[in-house]
Every structure is written in structure tokens, then in C-alpha cells.
Amino acid sequence: MEYSYISHLYCPKCHETYDHQAINNLCKCGAPLLVQYDLEALKKDGYRPEQLKGREPSLWRYHELLPVTDPANVVTVGEGMTPLIPMPTLGKQMGIDNLYMKDEGIIPTGSFKARGAAVGVSKAKEVGVEELAMPTNGNAGAAWALYAARAGMKTSIIIPKDAPTIQRNEMAAAGSNLFLVKGLISDAGKIVGKAIQEKGLFDASTLKEPYRIEGKKTMGLEIAEQFNWKMPDVILYPTGGGVGVIGIYKALNELKELGWVEGDLPRLVAVQAENCAPIVKAWEKKKDESEFWENSDTIAFGINVPKALGDFLVLDAIYKTNGCAIAIEDEATLEEGLSIAATEGSFICPEGAAAFVAARRLRESGWIKEDETVVVLNTGAGIKYPDTVQVDVPVLEKDGSI
Ligand SMILES: *Cc1c(COP(=O)(O)O)cnc(C)c1O
Ligand SMILES: [Zn+2]
């Protein structure tokens with residue numbers, strides 16, 4: 001068998017195809033590119049779930065369905081195969097009998113962005129990229145800076161001045177050529193655009209680079225494997241750029257084509273923040289694309305994306321799976337995060353907490369049924385957000401008592 005069954009890249013809008021061995025960004029029509037695998041050849045060569053037995057518990061166990069053709073190019077620090085944790089106490093409280101959390105909080109770099117970075121950097125190495133540039137709100141830049149460092153690749157990263165400092169420190173520690181911008185991620189993106197033109201750097205911006213979807217897709221592969229190749233009824237995902245939703249949808253469709261799973265795909269739910277909900281607004285109006293969200297603002301900075309390049313793909317995944325999109329207020333997110341730590345012992349990120357609020361609300365409205373199997377993605381570690389939870393702790397004198 002081959003290490004990878006990648007065939008080519010294609011445009012989901014105009015259907016133009018591209019060679020995966022070349023350096024690629026967007027299609028010439030401006031849409032993001034997707035990866036096509038030769039699933040027929042893979043079937044013919046006898047690819048079966050049994051082959052995964054005994055493979056390392058990382059996302060590279062699915063290398064046939066990943067774009068890197070030579071294992072020597074794999075850049076890894078053990079990302080993937082995160083736990084799928086039952087949440088019985090919370091589930092009882094919400095009236096959901098089978099509630100699970102896929103916990104990305106324990107992955108290298110502390111957010112699921114590690115998946116996109118591991119696969120994206122590995123493929124960039126394979127096609128000969130030496131230096132990349134990207135704008136970031138934090139977690140993606142941190143992951144790409146660290147994986148690129150391991151690959152011996154240079155990075156130039158631009159981050160909004162108001163974005164959190166922990167991720168900034170990670171990027172600086174990784175030796176990135178780092179700049180703050182007095183503006184938003186969209187402004188950072190424009191400066192990156194200029195640098196790409198002037199200096200010939202590789203543009204690793206979200207979805208302008210075709211392979212992070214493939215990395216994030218492995219969350220879908222893992223969920224299917226962890227349920228022993230049965231799919232849950234509902235998957236809730238905190239959605240910014242929407243790469244996770246696009247990836248999970250792509251993964252489950254590939255597994256279906258391979259015949260590893262059967263039946264309806266899970267209903268995919270895009271969860272956004274009340275003050276940055278372009279996908280929700282588009283879904284409510286049954287539109288195919290979203291509009292730029294002015295003055296976006298949320299504590300869940302990973303989902304502060306006013307307009308996603310792949311919005312049409314996210315909406316398509318929601319429509320095709322009979323899913324939905326829902327916006328959550330920051331106050332409810334904060335409260336849910338604390339409640340999850342206190343009931344289930346997981347200190348999760350606000351993005352993940354918002355997705356749990358969404359599960360609660362959709363159960364209350366009857367959209368989720370009591371006996372359905374529901375998976376909530378916690379996309380990062382709560383400890384990466386040291387200022388989000390504010391508490392007053394009593395201070396004792398040295399001889400004090402409690
Ligand atoms: C980036 C990010 C998201 C949003 O991910 P997309 O796949 O771009 O929608 C959610 N949660 C966290 C913690 C993130 O860093
Ligand atoms: Zn195109």
C-alpha cells in the first residue's frame with residue numbers, strides 16, 4: 001500500500017484541479033482548494049479498520065487519508081487521538097443521556113490548531129516551502145510557529161495588539177518574526193498579503209493554505225473510530241473560520257465512501273458568539289454565504305472571525321446534514337465553563353463552553369432528543385485563557401485559619 005492516497009487538489013466552486021506536488025494557495029477563482037484522495041484505489045488495496053490496530057495513537061494513524069506522501073516529511077510532536085469523554089453529570093442536568101466531550105485541550109500547543117499545523121507544516125515541507133507568513137488571533141499562530149520551528153522553517157506572524165499574550169509568547173519563543181498590529185485580524189491579513197507579494201513568502205493564512213483542513217478532519221476520523229465506526233447523532237463545534245466543521249464533514253463523507261460508516265451523517269451544529277455570528281445569520285436567512293460582521297467582539301477569541309473564506313462550505317455542511325447554527329452570549333459561556341469544571345472536572349476554553357451552552361439550549365428546544373448521542377468539541381485548554389475567569393479569593397494572614 002501507498003503511504004498516502006492523495007490524488008490532486010480541486011476547487012469546490014469552479015471545479016478546476018491542481019497538482020498537489022506544487023505549492024498551492026487559493027484557486028484562481030478565489031475559492032479555497034480541497035484535497036481529493038483516490039478512494040477507489042484505497043478500497044482496492046484492501047484498506048480496512050483492522051489495519052489501524054497497533055498504530056500509534058496520533059492523527060498520523062490515518063496517513064492514507066492525509067496529504068503527506070513521504071513519511072520522512074511528517075512533522076509531529078504526538079498530536080491527535082484525544083479522549084472522547086462521557087459527561088454523565090452534565091448530561092443528566094441537560095437531559096441528554098449520551099453526552100460526550102472530544103477534548104482537544106490536552107493536545108500539543110493546547111488547542112486543536114495543532115492538527116492543522118502538523119499536517120499543514122508537513123505538507124509545506126514536502127513541497128519545499130522555506131518561509132511562511134500568516135495573520136492570527138493566537139492559537140493558530142502559536143501552533144504553526146512551533147511546528148514550523150521543528151521543521152526548520154521560518155515564520156513571519158502578525159497578531160492584533162489586543163489578542164491574548166500567552167500565544168504571543170509561544171510564537172516569540174518559537175523564534176517567529178513576530179509583529180503586533182493596531183487593528184483586527186483582517187488588518188493583520190492585509191499586511192501579510194503585502195509581505196507575500198513583496199518577499200515571496202508562503203501564505204499560510206486560514207484556508208488560503210489547502211492542508212489544515214486535512215489536519216482538522218482527523219477529529220471526525222477519530223470520533224468515528226472511538227465510537228467503533230458508528231456515527232453520533234449530533235456534533236457541536238465552536239465555529240470561527242469553520243475549518244473544523246468543513247474538515248469533520250469531509251472526513252465522515254470519505255469514511256462513508258470507503259464503506260467504514262453507514263447511514264445519515266451527524267447533524268452538524270456551528271456554534272458562534274452573540275457578537276460575532278455571521279454564519280448563524282446566514283443560516284437563519286437560508287443563505288449560501290455570510291456577510292462581514294461589523295465590530296465583532298467576544299471573550300472566545302478563537303471564534304472571533306467576522307467573515308470566513310470557507311463560509312459557503314460550512315453552510316453547505318450544515319444544510320446537507322440537517323444541522324443548524326446558533327449564537328451564544330459570553331455571560332452564558334462563562335457560567336457554563338465554570339459549571340463544567342465544577343461538575344465534570346474539566347477546565348475548558350470559552351469556545352468549548354459556548355458549544356456546551358448550545359447543546360443545553362438545543363435540548364431545551366427539543367432539537368436534540370433525550371436519547372441521542374451528542375458530541376461537543378472542546379477545542380482548547382482553559383489554562384490558555386488565564387484572564388477569562390476572574391475570581392476573588394480570600395487572603396489569609398500567616399497565622400490565619402479557614
Ligand atoms: C480557532 C479556534 C476555533 C475555531 O476554529 P475553526 O475551525 O477555525 O472554526 C475554536 N476554538 C478555538 C480554541 C480556536 O483556537
Ligand atoms: Zn475555483
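**Figure 1. Packing of helix H3 against helix H7 in the predicted model.** Helix H3 covers residues 113-126 and helix H7 covers residues 212-226. The two helices pack with their axes 6 Å apart, at an angle of about 125°. Because of this angle, H3 is oblique to H7. The crossing in which H3 passes H7 is right-handed.

**Figure 2. Residues at the contact between H3 and H7.** From H3, the contact involves Lys113, Arg115, Gly116 and Val119. On the H7 side, these meet Arg212, Glu214, Gly215, Lys216, Thr218, Met219 and Glu222. Sorted by class, the contact of H3 with H7 holds six charged, three polar and two nonpolar residues. Val119 in H3 and Met219 in H7 are the nonpolar pair. Gly116 of H3 counts as polar, as do Gly215 and Thr218 of H7.

**Figure 3. The protein chain in which H3 and H7 lie.** The secondary structure of the chain consists of 12 helices and 13 strands. With a radius of gyration of 20 Å, close to the 21 Å from the globule rule for 402 residues, the chain is therefore as compact as a globular protein of that length. Along the principal axes, its C-alpha atoms fill a box of roughly 65 × 50 × 45 Å.

**Figure 4. Burial and contacts within the protein chain.** Buried residues make up 57% of the 402 in the chain. Among contacts in the chain with a separation of 6 or more, 71% are between residues 24 or more positions apart.

Notes:
Residues are numbered from 1 along each chain as its sequence is written. Chains are lettered from A and ligands numbered from 1 in the order in which they are written. This is a predicted model: local features need pLDDT of at least 70, side-chain atom pairs count only at pLDDT 80 or more; totals for chains, interfaces and linings use all residues. Side-chain values use heavy atoms; hydrogens and water are left out. Axes are lines fitted to C-alpha atoms, for helices over the stretch in contact, and angles run from 0 to 180 degrees between N-to-C directions. Helices (H or I, at least four residues) and strands (E, at least two) are DSSP runs, numbered from the N terminus. Angles under 35 degrees count as roughly parallel, over 145 as roughly antiparallel, 65 to 115 as roughly perpendicular and the rest as oblique. A crossing is left-handed if the near helix is turned anticlockwise from the far one by less than a right angle, and right-handed if clockwise. Contact means heavy atoms within 4.5 Å. The radius of gyration is taken over C-alpha atoms; the globule rule is 2.2 Å times the number of residues to the power 0.38. Buried means under 20% relative accessible area, exposed over 50%, partly exposed in between (1.4 Å probe, protein chains only).
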